[in-house]
Amino acid sequence: MLDIRASMDAPAATPPVIRREDYQAPDWLVPAIELSFALDPARTVVSTRLTVERNGTHDRPLKLDGEELELLALRVDGEPREPRFENGRLVVELSGDTAVVETEVAIAPEKNSQLMGLYASGGILCTQCEAEGFRRITFFPDRPDVLSRYRVRLEADRQRYPVLLANGNPVEQGDSGGGRHFAVWEDPFPKPCYLFAVVAGDLRCNADRFTTMSGREVDLGIWVREADLPKTQLAMQALKDSFAWDERTYGREYDLDRFNIVAVSDFNFGAMENKGLNIFNTRYVLADPETASDFDIDGVAAVVAHEYFHNWSGNRVTCRDWFQLSLKEGLTVFRDQGFSEDMGSAAVQRIDQVRTLRAAQFPEDAGPLAHPIRPDSYLEIANFYTATVYNKGAEVIRMMRTILGPEAYRKGTDLYFERHDGQAVTCEDFVRAMEDASGVDLKQFRLWYSQAGTPTVTARLEQDGGRTTLHLSQQVPATPGQETKQPMVIPLRVALIGAESGREVAAERLVLLTEAEQSVDLGAVDETAFLSINRGFSAPVIVNAERRAGEIEALAAGDSDSFARFEAGQELMTRDLLAAITGGGAVEVEAIIAAVGATLRSQSLDPAFKADAIALPGESLLIEKLAAADPARVHEVREEVRRAIGTRLSDELQRSYAAASAADPTSLSGEDKGLRRLRAATLALLAAGDAELGAQLAQQQYDAARTMTERQSALNVLAMLGPDAAKAALEDFYARFEDDPLVIDKWFAVQAQVPGEATLESVERLQKHPAFTLANPNRLRALAGNFAATPSAFHRADGRGYDWLAEVIVAADKLNPQTAARFVAPLGRWRKIEPGRAAKMRAALQRILAEPELSKDVFELASKSLG
Ligand code: B3K
Ligand code: ZN
């Protein structure tokens, strides 16, 4: 893999591989650090005073990471030193066991387009340090197992930057003369440098309070531009809900006197959990029903919760090294999922979680970038903030909870937090705490940390007289660097549903599949039994169950576990879609129509569940299940089925659409959100069946819309119906929201997601639009991310979709490698695509790799994708 670069005479040296097995404890510790910032967007001077301590007995020098820093001064114990660099690090020879090392560096925040380190976003100066951004601020051992107490002094122009924030508590502030002022902050909790943050700007605060379970008062602040203040209320509510939930559910109390959130428009991902000073992408803070959809609003709550929960799972107990990332991310995703389940409908949340996992993680696990949730090596750690580490990591925690039971799991987390408070630890430490608290041996379970690839479970139910036996087997696929696999521990919640009675004839039980092949006695059942397996998605696996005639239809109509019921519907739809895609003939739509019709007519199902259950599996998901997919054919067949549903079930759909239109547009109750979701799903199907009716209803809905949920779903349908149908609404939408960047992102996204080969032309036109910029990650994701995620648009037969994306990646890489690298994976999915297009995808990857000055971010993913 690394040879590619060498053979192309790339000027830069091949980046070194970092391996988990090479971990060594730090040679020097830094118990205390004092930082002083003379802030200026053009040239900020950072003075740093490190108190360092030799760690153990050795004679190795102190080595400090630094990147794009202009070193102005270096002193050791007050004496100036000539700097010496080795492989880009500042090497400081020290004779004693402790020393004070001082540096002074200059940096240029406004030139920082990578958005790592200290940078400027719309007049605000802010920082992002995880994973390795602190080295772009000052010289430091930039690794998560060096924990320090921070004292930070900020000085800046008072008018331009009236608000000066850092981690911890404010201890001093005042005037520094010449129109400048200063503030000093201290954080009493030792932390790794990736959790460091400062912010300076003209910000307003939505201030509130929370009284913790032990009666301490915490000042809460959400800091935004003045005009955005009215849009911070939902985030504030979510923050207070998160504080209360973590006390209730995990016994975790907040520890500082204040908790601040700052929103900035230029951000590489969702948000960042810096100690006591979270920095957020505006997308996950600013929300009101007029400009944010229900989906966006739920996203705000989930991300606010996620970052807050990191205060314990990540900050108080942190990672020893970056290979342990899932220790904090998998656990924190699992915690935020629990929060969302408790705040809304748990069943619908679970469906959404699994949808995300299947859309983002399963393809990763099945492709060239597959890695275990605890990876073994990387070139660039930024590339490992993946769906595998996050979402599969959360599934692994969930499985432990399923195996141990909720009480022992809670004992396990209590023990983990108590035992490791203030430490930088490993995934192994977490599993050991679970074992010690529960007495359950998790030896074999640990394979979930080391083996990549989604296991497939094959299931067959045998009924012989009265006996019912479940025959199971598991296969864990080979993945890059892991040819052979061992059987894993797979917890499967299983029940049997009677074919005649429709009841649970064998109550749900937990089956632990631990062998390659295993048979389980499910007792005596005196009617034909249907198999309800992996209920609630108890394990992140693919289940291939041998089905009897009518079984899947019956489960889709009446499985008592709502996830399994949804799943059966999806299995049915997938079966018939794939048969038509590969068979070449027309689709057998009767079973699908019957299932969708029954769902629409049901009096008992929740509207949000209905909306999920009537949606066909997405094109990307179908492509993943094929050996050499023709994306155009996949689109054609799926559309044929949507059209059939829309035509044949027109009456039911119109009735559901009308009933769902009764939702109170401004209410954010689960019921009303569910109705709006159903309204969007039925409108889309009606439009697929009858373009004229669809256009009419969608235009009406658009014109009458009072909320973004209604407006956006109508706009989506109009855009799908073609440029003529969408023209007026798109123009209106732009004019109406011109000054709201988050809404304009939607305007780009809606157009980039239109199926079909013609979308590339609009995408090229949109790229030239004055509101488009490669420099803002949200805007770039809106256009390029959505385009690449729309198979029938991206996979043009002539390959021009791939060329366009490759050019965007190369151009964006020059500004912001971390975000550019996020767009490489879609090109790496060539193995699932028919040979003609696959060759063009490979050629696009090769062209990327031929670029002379590629970042290691893009290089790593493009070279691995080529495989
Ligand atoms: N911990 C950050 C992610 C940082 C990504 C750096 N490439 C946000 C989160 O997961 O909560
Ligand atoms: Zn996180």
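**Entry 1: around ligand 1**

I started with ligand 1 in this predicted model and listed what surrounds it: there are 13 residues, and E130, A271, E273, E307 and Y390 come nearest. I then sorted that shell by residue type and got five nonpolar, three polar and five charged residues.

**Entry 2: polar contacts of ligand 1**

Next I went through the side chains that reach polar atoms of ligand 1. For E130, I found a side-chain N or O atom 2.6 Å from a nitrogen atom of the ligand. E273 also points a polar side-chain atom at a nitrogen atom of ligand 1, at 2.8 Å. With Y390, the partner on ligand 1 is an oxygen atom, and the distance to the side-chain N or O atom is 2.4 Å.

How much of ligand 1 does the protein cover? I noted 95% of the 340 Å² of accessible area that the ligand has on its own. I also checked which elements give two or more residues to the shell, and these are β20 (271-272), α3 (294-309) and α4 (325-343).

**Entry 3: the zinc ion**

Then I moved on to ligand 2, the zinc ion. Its protein donors are H306 through NE2, H310 through NE2 and E329 through OE, at 1.9 to 2.1 Å from the metal. Read along the chain, the donors give the spacing H-x3-H-x18-E.

Why does the pair H310 and E329 tie together parts that are 19 residues apart in sequence? I located H310 in the loop between α3 and β22 (318-319), whereas E329 sits in helix α4, so the two link those separate parts.

Last, I looked up whether these two donors are buried or exposed. Both H310 and E329 are buried.

Methods:
Residues are numbered from 1 along each chain as its sequence is written. Chains are lettered from A and ligands numbered from 1 in the order in which they are written. This is a predicted model: local features need pLDDT of at least 70, side-chain atom pairs count only at pLDDT 80 or more; totals for chains, interfaces and linings use all residues. Side-chain values use heavy atoms; hydrogens and water are left out. A residue is near a molecule or strand if one of its heavy atoms lies within 4 Å of it. A polar contact is a pair of N or O atoms within 3.5 Å; within protein, one must be able to donate a hydrogen and the other to accept it, and residues adjacent in sequence count only if both atoms are side-chain atoms. Accessible areas come from the Shrake-Rupley method with a 1.4 Å probe; for residues, only the protein chains shown count as cover. Helices (H or I, at least four residues) and strands (E, at least two) are DSSP runs, numbered from the N terminus. Ala, Val, Leu, Ile, Met, Phe, Trp, Tyr, Cys and Pro count as nonpolar, Asp, Glu, Lys and Arg as charged, and the others, Gly among them, as polar. Donors are N, O and S atoms within 2.8 Å of the metal (3.2 Å for Na, K and Ca); water is not among the atoms, so sites may look incomplete. Buried means under 20% relative accessible area, exposed over 50%, partly exposed in between (1.4 Å probe, protein chains only).
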